[in-house]
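Here is a fold to walk through step by step. Keep the model open and follow along.

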Amino acid sequence: MDSLPYTVTVTPGVTPGVFVYAVPVAICTQGRGTNGNGTSNAMAHDEGRVVDLQDDTRLNVASLLMEPVGSTRDVELALPEFALDDELVARNVEMQARLTRLQDQILVSAHATGHVQLECVRCLEPYDQPFDQEFTEQFFQTVDVRSGAELAPKASTGAEEDDDEDLRFSIDESHQLDFGESLRQWILLALPMRPTCGDACPGPSITATDENAPASGSFADLARLLDDMDPDTSA
Ligand SMILES: [Zn+2]
């Protein structure tokens with residue numbers, strides 16, 4: 001890419017309690033670096049530049065939607081913490097994405113990395129499971145970007161497609177595209193069904209200690225008790 005990236009500072013109004021990465025100052029030299037009016041999301045300006053999203057999963061795509069089909073934006077997203085469900089939290093999430101404007105949607109091709117603390121199924125200890133996931137997702141327009149008029153669903157929509165409508169991702173009426181739910185689902189898909197902490201896993205703690213441990217503890221005491229009883233009962 002021949003043009004310099006620029007950075008948009010995002011006011012962290014959406015996810016309280018999560019600290020914000022310092023925006024790298026070195027790449028703010030493009031002048032229009034910060035979005036000083038306090039809005040809570042970044043505008044995707046200017047073909048060919050990289051939009052940085054820090055601690056926010058939402059992007060205003062109005063300007064991209066006003067461009068011809070085939071126009072693109074490159075987005076880099078960084079999330080120090082990202083809740084996947086009630087228990088799981090992904091950390092140091094980084095995502096690079098290319099947004100391509102299509103007829104009635106924006107196609108997102110993304111690559112996300114990070115790690116999630118999981119519990120090993122063998123030793124039951126927590127460990128950091130890295131993930132590295134590539135995915136594509138479609139985000140459909142709901143309103144016309146110039147008139148604000150609601151876009152009618154496809155005329156050919158049948159009953160079966162109605163189900164898809166509920167599941168598919170949309171760009172909202174303020175032209176906000178939110179990567180969050182899609183990213184959350186793809187990270188969950190990237191996690192192993194049977195997480196294990198690696199080759200150095202000590203294995204289940206009970207068998208590991210039982211095999212080599214000297215005869216002690218309640219089972220050994222019981223065995224000794226049975227041995228003591230044996231001569232008497234057999235005699
Ligand atoms: Zn383990």
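Ten bridges join strand 5 (89–101) to strand 6 (105–119), and the two run antiparallel. Strands here are DSSP runs of E with at least two residues, helices are runs of H or I with at least four, and both are numbered from the N terminus. Two strands pair if DSSP finds at least two bridges between them. One bridge links Leu 99 to its partner in strand 6, Val 108. This is a predicted model: local features need pLDDT of at least 70, side-chain atom pairs count only at pLDDT 80 or more, and totals for chains, interfaces and linings use all residues. Residues are numbered from 1 along each chain as its sequence is written.

Now step back to the whole sheet. It is open, has six strands in the order 2-4-5-6-7-8, and its pairing is mixed. Strand 2 and strand 8 (169–171) are the edge strands, and each pairs on one side only. From one strand to the next, the twist averages 25°. Angles run from 0 to 180 degrees between N-to-C directions, and axes are lines fitted to C-alpha atoms, for helices over the stretch in contact.

Go to strand 2 (50–54). Strand 2 pairs with strand 4 in the parallel sense over five bridges. Val 50 stands opposite Asp 74 in strand 4. Four of the five residues in strand 2 are buried, so the strand is mostly covered; buried means 20 or more other C-beta atoms within 10 Å of a residue's own, exposed means 12 or fewer, partly exposed lies in between, and C-beta atoms are placed from the backbone.

Next comes helix 3. Helix 3 lies across strand 5, strand 6, strand 7 (126–141) and strand 8, running at about 135° to strand 7. Contact means C-beta atoms, placed from the backbone, within 7 Å.

What holds the most contacts inside the largest nonpolar core? Val 61 and Ile 106 do, in a core of 26 residues. Such a core is a set of buried Ala, Val, Leu, Ile, Met, Phe, Trp, Tyr and Cys residues joined through C-beta atoms within 7 Å. Among the elements that give two or more residues to this core are helix 1 (62–65), strand 4 (72–83) and helix 3 (180–190). In soluble globular proteins, nonpolar side chains tend to be buried together.

Finally, look at the backbone angles. Most residues other than glycine have a negative phi. Asn 92 in strand 5 has a positive phi of about 50°. His 175, in the loop between strand 8 and strand 9 (176–178), has a positive phi of about 65°. Asn 92 is partly exposed, whereas His 175 is buried.

Definitions and conventions
Two residues are in contact if their C-beta atoms, placed from the backbone, lie within 7 Å.
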